[in-house]
Amino acid sequence: MTDMSVNPTQEHRQRGNGRVEYSIYFALLFLIGLPFATGGWLWQLATTGRPGPGVLRRAWVKAGELTPVIFSA
């Protein structure tokens, strides 16, 4: 088995960049999703009379679902 901690390759040194890119995509999807989450929350409130999960929670969950889909391709 190869010990990558002794002589890491260029690919292993740049591994942290993926986290930054993931965070940027997550933030963008979260911000784009806020108006849609607000509309969905208002629609649920108008039709059922009960507010569901909050707007931020809805946007956070959707961004969390969509971001990995982008990176899996």
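This dialogue reads selected side-chain and surface features of a predicted model.

User: How many salt bridges does a search of the whole structure find, and which side chains meet there?

Analyst: Side chains of opposite charge can pair when their charged atoms come close. In this predicted model, searching the whole structure yields 1 salt bridge. It joins the side chains of K62 and E65, with an N to O distance of 3.4 Å.

User: Where do K62 and E65 lie relative to one another in helix 3?

Analyst: Helix 3 spans residues 55-72, and K62 and E65 are 3 residues apart within it, so about one helical turn separates them. As for solvent exposure, E65 has a relative accessibility of 43% and is therefore classed as partly exposed.

User: Which residues form the nonpolar patch on the surface?

Analyst: The patch consists of V20, I24, L28, I32 and F36, which together contribute about 540 Å² of accessible area. One of these residues, V20, belongs to helix 2. The relative accessible area of V20 is 48%; since exposed requires over 50%, V20 is rated partly exposed.

User: Is P35 buried or exposed, and in which helix is its place?

Analyst: P35 sits in helix 2, which covers residues 16-48. Its relative accessible area is 54%, so P35 is exposed.

User: How far apart are P35 and V55 in sequence and in space?

Analyst: Separation along the chain and separation in space are read independently. For P35 and V55, the sequence separation is 20 residues, while the C-alpha to C-alpha distance is 8.8 Å.

Methods
Residues numbered from 1 in each chain as written. Predicted model: local features only at pLDDT ≥ 70, side-chain atom pairs only at ≥ 80, totals over all residues. Heavy atoms only, no water. Salt bridge = Lys/Arg side-chain N within 4 Å of Asp/Glu carboxyl O. Helix = DSSP H or I, 4+ residues; strand = E, 2+ residues; numbered from the N terminus. Buried < 20%, exposed > 50% of the residue type's maximum accessible area, 1.4 Å probe, protein only. Patch = residues over 30% accessible without salt bridge, like charges linked within 9 Å, V, L, I, M, F, W, Y side chains within 5 Å. Areas by Shrake-Rupley, 256 points an atom, 1.4 Å probe, with all protein chains shown as cover.
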